[in-house]
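Work through the following exercises with the sequence and the structure open. Each task is followed by a solution in steps.

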Amino acid sequence: MKMLACKLQLQGALVVSKYSRTRELRDGNSVSQAVVTRENFKTKVPELTVTYVPSPTPSIQTKDLPITTSGKFGRFGGKFVPETLVSCLIQLEAQFRNALHDHVFQEELGLALRDYAGRETPLYEAERLSEYYKRKNNGKGPDIYLKREDLNHSGSHKMNNALAQAMLAKRMGCKSVVTATGSGQHGLATAAACAKLALECTVFMAAKDIERQYSNVRLIKLLGAQVEAVEGGFRDAASEAFRNWVGDLENRYHLSGSAVGPHPCPTMVREFQSVIGKETRMQALEKWGGKPDVLVASVGTGSNALGLFHEFINDTDVRLVGVEAGGLGLDTGKHASTLTTGEVGVYHGAITFLLQDQDGQVVHPYSIAAGMESPGVGPELSFLKESGRAEFFVANDQEAVDAYERLCKLEGIFPSLEAAHAMAILDKLVPTLRNGAKVVVNCSGRGDKDAAIVFNRGIFDKA
Ligand SMILES: Cc1ncc(COP(=O)(O)O)c(C=O)c1O
């Protein structure tokens, strides 16, 4: 892999760029919201509420999490790859860390997230959805807010990470990017970022996902990327993307969109997605002067869940709730509920929970939502489950479709079917919450791509 072409500027005093601005809080105080910050690692990590884009990775520095340079989260994670790849991954980690410490990179990323991706995304109070649940629970219930990641350019949270990693690829002197996608949202975000940065882009996708998410495939091609069909599921597309990368380590960059894989991939994805939680903290402070009580996110591999949760991991009064795909039901075996029913094994180069049979072979997952069909989750989520810090529940296909339709009708918002899994758990969660509790649900993506699936299903049900 090529060494960094540009001169790295490491460490130094806090720099608040010309893009910093001051925001008024509800209580009359104000915070300086820096679009870009740079902090000497030896100095105290700044309050995360005043940063806008990932600050120099305080998450990796914190003593409260069992993160080491080997990428272990407790007993999960690591780097179980062939010897030849180890040095590439070590170099990738070095470049990642250098970029995080480099104020030029941070400043460029801050600008791109603001002016290209459209951040920050709103924290929207879903008043009619909250009323709906209050009516069902004797007039009592939580106030539900949606973190509108669906409003990002290209329609999902995937843009946060794709943009940052494409910038890293460019900085490393790579000419092309290779990736895999399930729902097409990560493929779309990567293709867009590559077009912007003049990088070639190849997206591997399972043939059946190409069929059911064809609107995204068309857009990916329009953006100039190549789409390669792979037999099997997302797991096979991901393996193919990895193999393709290994074929030309000098010029190609493997842009992981999921929170799985060998170290440093899960940490990089989490870090670049953590802007979701950082904004949420600041917005909650502005809107009701406190923290959320509960955070809810869907879990495919964990990138949107970790993006929302990470900022709050040390706030033990904030409940973290992940929702997996129950597919046709856990007893049918046709689901993608990895943390709920899976066992510990090695998946894509890391120790984590995965769906496997008695011989240790990976079982194909199933969900109505292509992006939820992953047989393994990221190692950090496995750690959060085992440590009890986060709770995980299951929503099945029908519940997700119902939640999709409900959000359309009550709020005029199309959530992706992946995000609809997170909305669906509200039916069970709400009765357990106190009146007026503040719940933030990650609306991780927009659901135009899924409208035909939902529409056809409704018609068939009536027939
Ligand atoms: C919009 C959206 N939300 C959620 C997911 C689930 O993935 P993850 O758990 O990595 O966020 C996907 C995956 O493609 C997605 O496209």
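A residue counts as buried if 20 or more other C-beta atoms lie within 10 Å of its own, as exposed if 12 or fewer do, and as partly exposed in between. The model is predicted.

**Exercise 1. Which residues of α15 are buried, and how are they placed around the axis?**

Step 1. Locate the helix: α15 covers residues 397–411, which is 15 residues. From first to last C-alpha α15 reaches 21 Å, close to the 21 Å expected at 1.5 Å a residue.

Step 2. Apply the burial criterion. Asp397, Ala400, Val401, Ala403, Tyr404 and Leu407 are buried in α15.

Step 3. Look along the axis. These buried residues cover an arc of only 160 degrees, and therefore sit on the same side of α15.

Step 4. Check the residue that follows. Gly412, just after α15, takes a positive phi of about 70 degrees.

**Exercise 2. Describe the two sides of α8 and state what its buried residues pack against.**

Step 1. In α8, residues 214–222, the buried residues are Asn216, Val217 and Ile220.

Step 2. Seen down the axis, the buried residues of α8 fall within an arc of 105 degrees, so they line one face of the helix.

Step 3. Arg218 and Leu222 are exposed on the other side of α8.

Step 4. The packing partners of the buried residues of α8 are α6, β8, α7 and β9.

Step 5. Just after α8 comes Gly224, with a positive phi of about 95 degrees.

**Exercise 3. Find the span of α9, its buried residues and what covers them.**

Step 1. Helix α9 runs over residues 234–246 and has 13 residues. Its first and last C-alpha atoms are 19 Å apart, close to the 18 Å expected at 1.5 Å a residue.

Step 2. Phe234, Arg235, Ala237, Ala238, Glu240, Ala241, Phe242 and Trp245 are the buried residues of α9.

Step 3. The cover over these buried residues includes the strands β7 (176–181), β8 (200–206), β9 (226–230) and β10 (252–254). Helix α7 (207–212) is also included in that cover.

**Exercise 4. Which residues touch the most other members of the largest nonpolar core, and which helix gives the most to it?**

Step 1. The largest nonpolar core has 124 residues. Leu163, Ala166, Leu295, Val296, Ala400 and Ile425 touch the most other members.

Step 2. The helix that gives the most to this core is α5 (residues 158–171), with eight residues.

Step 3. Take Leu295 as a worked case. Leaving out residues up to four places away in sequence, Leu295 touches Leu308, Phe309, Phe312, Val318, Leu320, Val321 and Val440.

Step 4. Return to the protein as a whole. Of its 463 residues, 55% count as buried. Among contacts between residues at least 6 apart in sequence, 73% join residues at least 24 apart.

**Exercise 5. Which residues come nearest to the ligand, and what classes make up the shell around it?**

Step 1. The shell has 23 residues, and Gln185, Gly300, Ser303, Gly371 and Gly445 come nearest to the ligand.

Step 2. Sorted by class, the shell holds 16 polar, five nonpolar and two charged residues.

Step 3. Each of α6 (185–197), α12 (303–309) and α16 (417–424) supplies at least two residues of the shell. The most come from α12, which gives three residues.

**Exercise 6. Locate the cis peptide bonds at Glu120 and Pro264 and the positive phi angles at Asn138 and Ala198.**

Step 1. Recall the background: most residues other than glycine have a negative phi, and most peptide bonds are trans.

Step 2. Arg119 and Glu120 are joined by a cis peptide bond with omega of about 10 degrees. Glu120 belongs to the loop between α3 and β5 (123–125).

Step 3. The peptide bond from His263 to Pro264 is also cis, with omega near 15 degrees. Pro264 lies in the loop between β10 and α10 (265–273).

Step 4. Asn138 is not a glycine, yet its phi is positive, about 55 degrees. Asn138 is in the loop between α4 (127–136) and β6 (143–148). Asn138 counts as exposed because it has 9 C-beta neighbours inside 10 Å.

Step 5. Ala198, not a glycine, has a positive phi of about 55 degrees, and is placed in the loop between α6 and β8. With 9 C-beta neighbours inside 10 Å, Ala198 is therefore exposed.

Conventions: Residues numbered from 1 in each chain as written. Predicted model: local features only at pLDDT ≥ 70, side-chain atom pairs only at ≥ 80, totals over all residues. Near = placed C-beta within 6 Å. Helix = DSSP H or I, 4+ residues; strand = E, 2+ residues; numbered from the N terminus. Nonpolar A, V, L, I, M, F, W, Y, C, P; charged D, E, K, R; others polar. Expected span 1.5 Å × (residues − 1). Contact = placed C-beta atoms within 7 Å. Core = buried A, V, L, I, M, F, W, Y, C linked by C-beta atoms within 7 Å. Arc of directions from axis to C-beta.
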